[in-house]
Amino acid sequence: MIGFLLRRLLWFAITLWIVVTVSFFLMRAVRGGPFDGERTLNEAIERNIKARYHLDWPILKQYFQYIGPFNLDERGWFGGDGTRPFGGVLTGDFGPSFKYRDFTVNDIIAQSLPVSVSLGMVALMWALTLGLTTGVLSAIYRGRGVDVALRLLATAGIALPNFVIAGFLIILFVFELDWFPVAGYGSLRHLVLPGFALGAPFAAYIARLTRTGMLEVLSQDYIRTAHAKGLAPRLVILRHALKGGLLPVVSYLGPATAGILTGSLVIERIFAIPGTGSHFVNSATNRDYTLSMGVTILYTVLVYSLNTLVDFAYTLLDPRIRLEES
Amino acid sequence: MAERWDLKGRDLELLLSEAETYKGESLWQDAWRRLRRNRAAFACLVFLALFALGSLLAPALPLPSPVTLTLDDEYRPPAVDFSALLVPGFRRDYWELGWIDERMVDLRVAVFGDWQTAPWLGTDGKGRDLLSRIVWGSRTSILVALAATLCSLIIGVSYGAMAGFLGGRIDNVMMRIVDILYSIPFIFVVIFLITIVNEYRTELEDQFGINRETVFYVVIGAIYWLTMARVVRGQVLSLRNSEFVEAARVVGASTARIVFIHLVPNVLSVVIVYLTLTIPAVMLFEAFLSFLGLGIEPPKVSWGLLAVDGTEGINPIKLDWWLVVFPALAMGLTLLALNVLGDGLRDALDPKLRGKD
């Protein structure tokens with residue numbers, strides 16, 4: 001088990017290194033610095049700004065500076081006096097934002113990540129409760145009206161993009177019924193609609209997975225045994241079938257979380273929620289390379305660790321699976 | 001035992017002639033038969049075929065231009081006036097069309113002249129006809145989906161088949177690379193890449209003749225090949241040592257024959273199923289990127305852009321519902337049909353279900 005985690009960690013380090021390196025050099029290779037604006041700057045000012053962000057260093061030196069806590073300084077490569085502009089990715093410091101001059105990338109992430117995380121949690125909760133209940137229901141009532149209706153709904157949920165769902169929700173619940181605020185962030189009421197719109201496709205997918213998993217489990221011998229010994233149908237479902245039927249859902253949680261993180265790019269924009277996703281999109285159009293790189297790295301770390309966690313949880317639920325094989 | 005091998009002369013001919021009367025059914029005939037029996041999937045196939053035809057012939061249809069601004073006619077709600085289905089007023093302004101599209105517009109002008117459809121589905125904030133924009137938008141969306149899927153098909157199938165066929169250490173390394181790529185949240189990387197490509201768009205266009213959309217297709221295709229590669233590799237790996245391949249080898253078939261006559265058709269069914277599920281995913285992705293302002297750019301239209309217009313039209317003062325509902329309906333129906341068709345194809349091509357029902 002420890003071997004598994006170590007191996008995962010090693011691959012993770014390699015992955016992350018590739019992402020950081022490739023995007024760093026791409027970023028630096030782009031013509032036009034981040035400070036090229038509408039008007040050309042005075043030469044001296046430009047030189048000063050570049051010096052401040054160490055853009056005048058040789059590219060490899062900048063790379064080491066970005067990567068980690070190496071002791072670089074103006075004169076030499078290593079063995080400087082320790083006055084670095086920022087710590088480097090290895091210390092969890094993503095450096096200054098190129099567009100929001102007074103903020104570091106870490107400041108922006110620290111402000112916006114809790115917002116995105118709470119939105120993501122709401123979405124995941126929605127997706128799980130809705131997906132599991134409808135999935136179990138349609139497995140129990142297989143082939144009947146409920147099942148057909150729920151499956152159609154699930155297919156529609158997978159097929160429709162989340163911003164379209166969001167549009168319908170806003171028309172219905174904000175303008176027709178006036179139950180929720182249209183946009184913004186602050187209270188739980190602000191998160192209901194965006195959370196639902198964000199979670200809907202995943203709820204649909206989870207419902208599908210649960211249905212398939214439950215159907216497979218329900219035809220097993222041990223379920224028949226449970227029925228035969230006179231256990232109440234509700235208990236058979238809740239106690240015996242659900243555990244086995246949930247397995248596919250657990251393994252889907254990793255990709256689902258990644259998808260929710262991605263989907264939040266759009267949803268945050270529609271509902272004007274100041275989360276990391278909207279910052280990322282803005283950074284891409286603003287050419288704020290450090291910010292967009294920082295968020296990319298952060299999300300890579302998040303997705304990877306969540307996936308590992310899910311794989312880990314999977315073995316606890318299903319003793320037939322061994323980590324070494326994966 | 002001995003008698004059975006003792007067939008000679010008339011007996012043998014009798015047996016052979018009897019065997020002739022049994023007609024074998026290929027995988028595809030069987031699948032086609034079963035797909036036709038699946039009403040929902042078949043209806044979706046017909047719907048998609050008609051839809052694709054309509055969108056392909058869009059320039060020749062009597063639609064208004066999707067970009068003509070009629071500023072005195074903005075935000076007109078949908079209405080079908082049966083006494084005036086067609087109205088005069090067509091103006092030939094489009095963005096730079098390809099040669100074939102230009103000829104189709106010529107044809108349209110020759111046949112319908114000045115006449116165009118009235119705004120059945122209403123108009124948007126700049127007085128542009130919504131129906132026309134949806135149809136022209138479908139061209140972009142379908143084109144993106146097909147081109148990107150083709151990209152993923154070429155990369156994925158060749159990569160996967162190579163890994164599966166070579167096997168051993170090479171396979172191990174190749175699949176490890178896929179694993180690494182899998183763990184990167186690609187959308188972020190893609191957005192990052194597109195930002196950088198935008199920086200060089202004029203050079204790319206002038207020097208290499210590559211426009212932004214081509215880059216867009218390739219980039220999207222380049223992320224969707226991963227699953228394809230895994231699927232194909234798994235299939236090839238499991239089939240490589242199967243009995244029918246061995247049998248073919250015993251009979252003396254060459255490697256090329258084994259690969260192309262025996263292995264590829266078996267992999268193809270899985271690939272086709274995966275394709276029908278990739279296309280909607282790519283369409284969604286295009287809509288997603290266009291929504292963020294990183295995909296298709298005006299004056300061209302795509303469904304993602306229409307959805308942006310729609311959500312911008314949502315405001316409490318005046319609800320322009322048609323701008324949200326109709327593009328969503330078009331996109332939702334297409335994606336729904338593709339998903340249902342994909343599921344139906346999966347059932348139809350599943351060898352485990354072959355010859356049943």
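Trainee: A residue is buried if 20 or more other C-beta atoms lie within 10 Å of its own, exposed if 12 or fewer, and partly exposed in between, with C-beta atoms placed from the backbone. Where does Ala272(A) fall: buried, exposed or partly exposed?

Mentor: Ala272(A) is partly exposed because 13 other C-beta atoms lie within 10 Å. One caution first. This is a predicted model, in which local features need pLDDT of at least 70, side-chain atom pairs count only at pLDDT 80 or more, and totals for chains, interfaces and linings use all residues. Residues are numbered from 1 along each chain as its sequence is written, while chains are lettered from A and ligands numbered from 1 in the order in which they are written.

Trainee: What is the phi of Ala272(A)?

Mentor: Near 50°, a positive value in a residue other than glycine. Most residues other than glycine have a negative phi. Ala272(A) sits in the loop between α10 and α11 of chain A. Helices (H or I, at least four residues) and strands (E, at least two) are DSSP runs, numbered from the N terminus.

Trainee: How many helices and strands does chain A have?

Mentor: Chain A has 12 helices and zero strands. Chain B has 13 helices and two strands.

Trainee: And burial? What share of chain A is buried?

Mentor: 37% of the 326 residues in chain A. For chain B, 37% of 357 residues count as buried.

Trainee: Which helix of chain A is hardly covered?

Mentor: α8(A), residues 221-228. None of its eight residues is buried. Just after α8(A), Gly230(A) has a positive phi of about 95°.

Trainee: Give me a contrast. Is Leu291(A) buried or exposed?

Mentor: Buried, because 29 other C-beta atoms lie within 10 Å of Leu291(A). Leu291(A) is in α12 of chain A.

Trainee: What is Leu291(A) in contact with, leaving aside neighbours within four places in sequence?

Mentor: Ser97(A), Val105(A), Ile108(A), His279(A) and Ser283(A). Contact needs C-beta atoms, placed from the backbone, within 7 Å. Phe175(A) is another matter: its C-alpha is 36 Å from that of Leu291(A), with the two positions 116 residues apart in sequence numbering.

Trainee: New topic: confidence. What does chain A average in pLDDT?

Mentor: 78, and 88% of the residues score at least 70. pLDDT is the predictor's confidence in each residue, from 0 to 100. Among the elements of chain A, α2 (residues 43-52) has the lowest mean, 77, and α4 (residues 105-140) the highest, 88. Where pLDDT is low, the predicted coordinates should not be read in detail.

Trainee: Now the interface. How many residues does each chain put into the contact?

Mentor: Chain A gives 40 and chain B gives 35. On the side of chain A that touches chain B, α12(A) has the largest share, eight residues. By class, that side has 27 nonpolar, 11 polar and two charged residues. Ala, Val, Leu, Ile, Met, Phe, Trp, Tyr, Cys and Pro count as nonpolar, Asp, Glu, Lys and Arg as charged, and the others, Gly among them, as polar.

Trainee: At what angle do α6 of chain A and α13 of chain B pack?

Mentor: About 145°, with axes 10 Å apart. Axes are lines fitted to C-alpha atoms, for helices over the stretch in contact, and angles run from 0 to 180 degrees between N-to-C directions. From α6(A), Val164(A), Gly167(A) and Ile171(A) meet Trp321(B), Val324(B), Ala328(B), Met331(B) and Gly332(B) of α13(B). That contact has six nonpolar, two polar and no charged residues.

Trainee: How far apart are the axes of α5 and α6 in chain B?

Mentor: 7 Å, at an angle of about 145°. The contact includes Tyr159(B) and Ala163(B) from α5(B), and Met174(B) and Met175(B) from α6(B). Its residues divide into six nonpolar, two polar and one charged.

Trainee: What about α4 in chain B, how many residues?

Mentor: 14, residues 99-112. From first C-alpha to last, α4(B) reaches 20 Å, close to the 20 Å expected at 1.5 Å a residue. The expected span is 1.5 Å times one less than the number of residues. Gly113(B), just after α4(B), has a positive phi of about 60°.

Trainee: Last one. Is Thr21(B) buried or exposed?

Mentor: Exposed, because 6 other C-beta atoms lie within 10 Å. Thr21(B) lies in α1 of chain B, residues 9-21.

Methods. Two residues are in contact if their C-beta atoms, placed from the backbone, lie within 7 Å.
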